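Visitor: I should like to take a close look at a single part of this structure. Please show me the model before we begin.

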Amino acid sequence: MSIFDPKYRDKHVSARIARAFFRISQTTKNMLWDECKLKSLTPAQIQTLLFIRYIRPDSATVNTLAKSLSSTPATASGVLDALQKKSLVMRERKESDRRVVSLSLTYKGANTIQKLEGLGYELQKIIEELIVEEQEVLLSSLSKIERLLREKGYALITETCLTCCYFRPNIHPGAEKPHYCKLFNIDLGEDEIYMECPEYSELEM
Ligand code: SF4
């Protein structure tokens, strides 16, 4: 029984899909490596910069980064060491809890992120060769697979508030922070709802 055995795949659609995932993940990783080489950064370093740029600031910690990289905190620290040597990130102990190290980008790190804007565009162009209806079906299925991976502890999936079940949009019209998060019991400003959040959920727990 193996997804790499053609006879087995012939009888199981799920095995054909699993193998397609395997190939797509290898190919996209290679595409990312090629783009990374041009920027003199490794994929893990780029992933870390993107993580710090788009995650909610209170979730920008070494432990959450480790989950996002699917690595240990020690490995994540190694990636951060390399980025710190390049003066791209800063680490600071949180005033509220000295055991927690929070992460932020330096000015140079923020500039580097801006230069990464085209990253992933080649892949997007290929996806755009599917018709809109195919893209919508694919997105729905992939979202479900991402949710299952998260529920089974294989991946940390972060998302913005917009489709989160805890999000209550515009409950204080005209206020500086018009939106509300039911989970954290906090009001949210316009910029905050576009930050990625590790507590994102489509279904209330
Ligand atoms: S839990 Fe949901 S609504 Fe609350 S901050 Fe996170 S993504 Fe936004």
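How many nonpolar, polar and charged residues are in the lining of the largest cavity? Please describe that part and what surrounds it.

Guide: The model shown here is a predicted one. In the lining of the largest cavity, 11 residues are nonpolar, one is polar and two are charged. In total, 14 residues line the largest cavity. Those that lie nearest its centre are Cys161, Cys164, Tyr166, Cys181 and Cys197. The volume of the largest cavity is about 110 Å³. A search of the whole structure finds one cavity of 30 Å³ or more. Rolling a probe the size of a water molecule over the atoms shows where empty space is left.

The space of the largest cavity is taken by the ligand. Around the ligand stand Arg56, Cys161, Cys164, Tyr166, Phe167, Cys181, Leu183, Phe184, Cys197 and Glu199. Sorted by class, this shell has eight nonpolar residues, two charged residues and no polar ones.

One residue of the shell, Arg56, also takes part in a salt bridge. Arginine 56 pairs with aspartate 58, and the closest N and O atoms are 3.1 Å apart. Arginine 56 counts as buried because its relative accessible area is 8%, under the limit of 20%. Aspartate 58, in contrast, is partly exposed, with a relative accessibility of 42%. Side chains of opposite charge can pair when their charged atoms come close.

Asp58 leads on to another space, for it is among the residues that line the second largest pocket. The volume of this pocket is about 210 Å³. Its lining also includes Phe184 and Glu199, both of which are found around the ligand. Others in the lining are Ser59, Thr64, Lys67, Ser70, Gly153, Tyr154, Ala155, Leu156 and Pro198. By class, the lining of the second largest pocket has five nonpolar, four polar and three charged residues.

The wider structure offers further salt bridges for comparison, since a search of the whole structure finds eight. One of them joins aspartate 97 and arginine 99, whose closest N and O atoms are 3.0 Å apart. Here aspartate 97 is partly exposed at 23% relative accessibility, and arginine 99 is exposed at 71%. Another salt bridge joins the side chains of glutamate 122 and lysine 125, at 3.2 Å from N to O.

Finally, the protein chain is divided into domain 1 (1–39) and domain 2 (158–205). The centres of domain 1 and domain 2, taken over C-alpha atoms, are separated by 35 Å.

Terms used:
Residues are numbered from 1 along each chain as its sequence is written. This is a predicted model: local features need pLDDT of at least 70, side-chain atom pairs count only at pLDDT 80 or more; totals for chains, interfaces and linings use all residues. Side-chain values use heavy atoms; hydrogens and water are left out. A residue is near a molecule or strand if one of its heavy atoms lies within 4 Å of it. On a 1 Å grid over the protein atoms alone, a cavity is a set of points where a 1.4 Å probe fits but cannot get out, and a pocket is an open set with protein on both sides within 12 Å along at least five of seven lines; lining residues have an atom within 4 Å of a point. A molecule sits in a cavity or pocket if more than half of its atoms lie within 2 Å of its grid points. Ala, Val, Leu, Ile, Met, Phe, Trp, Tyr, Cys and Pro count as nonpolar, Asp, Glu, Lys and Arg as charged, and the others, Gly among them, as polar. Domain bounds come from an automatic or database domain assignment. Grid points are joined across faces, edges and corners, and a volume is the space filled by probe spheres set on the points. A salt bridge is a side-chain nitrogen of Lys or Arg within 4 Å of a carboxyl oxygen of Asp or Glu. Buried means under 20% relative accessible area, exposed over 50%, partly exposed in between (1.4 Å probe, protein chains only).
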